[in-house]
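Me: Please take a close look at a single part of this model and tell me how it sits among its surroundings. I would like one connected answer, with the reasoning spelled out.

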Amino acid sequence: MTDVLGDVVLTGVRVLGRPPSDVELRDGRITAIRAAGASGAPVAGVTGTGLVMLPALVDLHTHLREPGDEEAETIASGTRAAAAGGYSDVFAMANCNPVTDSPERVRHVAEIAARTASCRVHPVGAITLGLAGRDLAPLATMAHAGARLFSDDGRCVDDPAVLQAALHASRRAGTVIAQHAQCGSLAAHGQINAGQAADRTGLPPWPATAEETIVARDVVLAGATGGRLHVCHVSTAGTVELLRWAKQRGWPVTAEVTPHHLLLTDEQAAAGDTVHKVNPPLRTAADVAALRAALLDGTIDVVATDHAPHPARRKAAGWCDAPFGMLGLETALAVVAEVLGEDGEPDWALIADAMSHRPARIGGIDSTAGRPLAEGEPATFTLVDPKADWLVDPDRHHSLSTNTPFARFRFRHRVVATVVEGRVTADPHGLLATATGSRRSSA
Ligand SMILES: [Zn+2]
């Protein structure tokens, strides 16, 4: 059941944080954007006064866990979390059980999503069969089945010859190779950032070099092959320097950073709560500063959540036995706006670029997602209350899991509604209820 917006005017909304506008929506499209009050007469409609309107968000890195680990998350629950977090589109990582490594399995994920999802789901294809890092999966036929992004995420494609072959194949198919950069032998059994965090806790260290050596190698391969490389969850200042170097050469490289790597440090991890155990690990304050600067100057293209649900009982194992990963979809916008708005109002246009326009372009879905907010475009947007001042309560999340590091954090900005092509996918406070009453459809 989805509520469809009737013809309606949203009054007083701040499109990308600009001065208030009245936004007219009709038949699932934006039909007019006028300065608020421009007509002189009061406008009938739904009041959006003070709310910021952004293009609905696009996540290049989501673990929905279905098929195979429906205790942690399902496509239904994960996409409800996505819609609540402002997302219209998520890319569902391939490390399911079975692994998404054939065209049949790409179609299978898409079919479950068609029946159960609250946002659009784009299956990510595995780079190698079974994520084993040896034999290439059938990238061309999976692309034909709808996969646009390929990744062994959760694992690194360790063998440079395999990654090179994948980049060649992706160049031919016009797709993207997303690498989880983690040198197996350097990361070894690492559990926490090398340096003070490892020294203090006595846990096995996970050095920055485990990420940086792979990124250095991979950007060279992208340059040599012309295949498009996307670097997942950048976590170190050294990786930022490598990306800057590769981009200066014009190599086809893009990169993402997670909200948690923009806000949290290894000091929090060293306190020992497994909710802070994540791959790659939380790094130092100097790394966090470099990641923020890289997002601001475009060296890092996008924010992606790496939403990684795990049941509480698994996270309750001791540090070394608990799985890596944390939730992200329902708090991403609040965290990013907090990070970028430390000294006042965040740059909403930059947030729209990093969380909607650019990920849609990288993922090859920009004909329908991450569109500009303009007349004639689809009514696909999210509304953000910049003065919400809300407390994160994982028990009220839509995700089946509760492993968020932001529990009990207080954030200023909160997503209050998400609309995809005129269909209301999240509206927890009933803001848009009066605009949907007349036109309900089952979807
Ligand atoms: Zn990963």
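Reply: A residue counts as buried when its relative accessible area is under 20%, computed with a 1.4 Å probe on protein chains only. The model is a predicted one, and the part taken up first is helix 13, which spans residues 332–340. Eight of its nine residues are buried, so helix 13 is largely enclosed by the rest of the structure. The buried residues of this helix are Ala332, Leu333, Ala334, Val335, Val336, Ala337, Val339 and Leu340.

The zinc site can be read with the same term in mind. The zinc ion is coordinated by Asp153 through OD, by His180 through ND1 and by His233 through NE2, at 2.0 to 2.2 Å, and along the chain these donors follow the spacing D-x26-H-x52-H. Asp153 and His180 link distant parts of the chain, 27 residues apart: Asp153 lies in the loop between strand 10 (149–151) and helix 4 (160–173), whereas His180 lies in the loop between strand 11 (176–179) and helix 5 (184–187). Asp153 counts as buried because its relative accessibility is 3%, and His180 is likewise buried, with a relative accessible area of 2%.

As for cysteines, a search of the whole structure finds zero disulfides. Cys156 is in none, the nearest cysteine sulfur being that of Cys183, 7.4 Å away; because a disulfide needs the two sulfur atoms within 2.5 Å, that separation is too far for a bond. Cys156 is buried, with a relative accessible area of 12%, and Cys183 also counts as buried, at 12% relative accessibility.

Conventions:
Residues are numbered from 1 along each chain as its sequence is written. This is a predicted model: local features need pLDDT of at least 70, side-chain atom pairs count only at pLDDT 80 or more; totals for chains, interfaces and linings use all residues. Side-chain values use heavy atoms; hydrogens and water are left out. Donors are N, O and S atoms within 2.8 Å of the metal (3.2 Å for Na, K and Ca); water is not among the atoms, so sites may look incomplete. Helices (H or I, at least four residues) and strands (E, at least two) are DSSP runs, numbered from the N terminus. Buried means under 20% relative accessible area, exposed over 50%, partly exposed in between (1.4 Å probe, protein chains only).
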